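Hi,

Here is the structure I promised to pass along. Have a look at it first, and my notes follow below.

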Amino acid sequence: PEDELLVEKDPKVELLFSPFEMTQEGIKPVVVSINNLSSIELYNKTLDWTNSFYIIPNQATITSVPDEKINIKAFAKNVQFGTIMGMDLFADLPYLFVVDFTDGEITMTFTLGGENDDITDENGEVIANTSPSHIFNKNGDVRKMSKIFKAEAEKIMNDLSYAMVDYLLK
């Protein structure tokens, strides 16, 4: 499934919704209109996509409220979150991807990082934080240390959401 993210995105999908973006206010939800499908059909198709995308055991914890909501708690592996003294730093990025369903529409929401928005190493040490105050300075500019992470995180959120929406449109 991770290889699928490298497949060229369908231009029709990209035009349907604005991408996820990390801002000073956090990550705003993204709404997609899929007019010809009921909430039940959208839910069932999303569940099919989820079960085909997250196939490795323990790769994700998937919980749902039938026909209303699907929560996917998972990790993006080896995300670059910065560079110190010429060395690229990588860690697994925990995320919660929530999809809410109404007739003809889905609302997607991402929460990045674990407890307190933290990113930890394999020993449980906090090595980075995904909260807006750690990504942006007081003037609203992206902190130098966070530029790579912001781009990587946005790519992860958008690759996942595009892949799912592309599946829903088929």
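Let me begin with a pair in helix 4: E154 and K150 form a salt bridge, with 2.7 Å between the closest N and O atoms. Both residues sit in helix 4 (residues 147–169) and are four residues apart, so about one helical turn separates them. Are they buried or exposed? E154 is buried, and K150 is buried as well. Bear in mind throughout that this is a predicted model.

That pair is part of a set, as the structure holds six salt bridges. Two others caught my eye, and they connect strands.

One of them joins the side chains of K69 and D100, at 3.0 Å from N to O. Here the partners come from distant parts of the chain: K69 belongs to strand 5 (residues 69–84) and D100 to strand 6 (residues 87–102), which puts them 31 residues apart. As for how open they are, K69 has a relative accessible area of 27% and is partly exposed. D100, at 25% relative accessibility, is partly exposed too.

The other is between D92 and K77, whose closest N and O atoms are 3.4 Å apart. D92 is in strand 6 and K77 in strand 5, so this salt bridge ties together parts that lie 15 residues apart in sequence. D92 counts as partly exposed at 26% relative accessibility, while K77 reaches 55% and counts as exposed. The cut-off that puts K77 in the exposed class is over 50%.

Now for the whole chain. What does the secondary structure come to? There are four helices and nine strands, and from the N terminus the order is α-β-β-β-α-β-β-β-β-β-β-α-α. The radius of gyration is 16 Å, close to the 15 Å that the globule rule gives for 170 residues, so the chain is as compact as a globular protein of that length. Along its principal axes, the C-alpha trace spans about 50 × 35 × 30 Å.

A few more numbers for your notebook:

- Of the 170 residues, 38% count as buried.
- Taking contacts between residues at least 6 apart in sequence, 56% join residues at least 24 apart.
- The accessible surface is about 10000 Å², and 52% of that belongs to carbon and sulfur atoms.
- The chain has 14 positive and 28 negative charges, and the mean positions of the two groups are 6 Å apart.

If you open the model, the E154 and K150 salt bridge in helix 4 is a handy place to start.

Cheers

How values were computed. Residues are numbered from 1 along each chain as its sequence is written. This is a predicted model: local features need pLDDT of at least 70, side-chain atom pairs count only at pLDDT 80 or more; totals for chains, interfaces and linings use all residues. Side-chain values use heavy atoms; hydrogens and water are left out. A salt bridge is a side-chain nitrogen of Lys or Arg within 4 Å of a carboxyl oxygen of Asp or Glu. Helices (H or I, at least four residues) and strands (E, at least two) are DSSP runs, numbered from the N terminus. Buried means under 20% relative accessible area, exposed over 50%, partly exposed in between (1.4 Å probe, protein chains only). The radius of gyration is taken over C-alpha atoms; the globule rule is 2.2 Å times the number of residues to the power 0.38. Contact means heavy atoms within 4.5 Å. Accessible areas come from the Shrake-Rupley method with a 1.4 Å probe; for residues, only the protein chains shown count as cover. Lys and Arg count as positive and Asp and Glu as negative; His and the chain ends are not counted. The place of a charge is taken as NZ of Lys, CZ of Arg, CG of Asp or CD of Glu.
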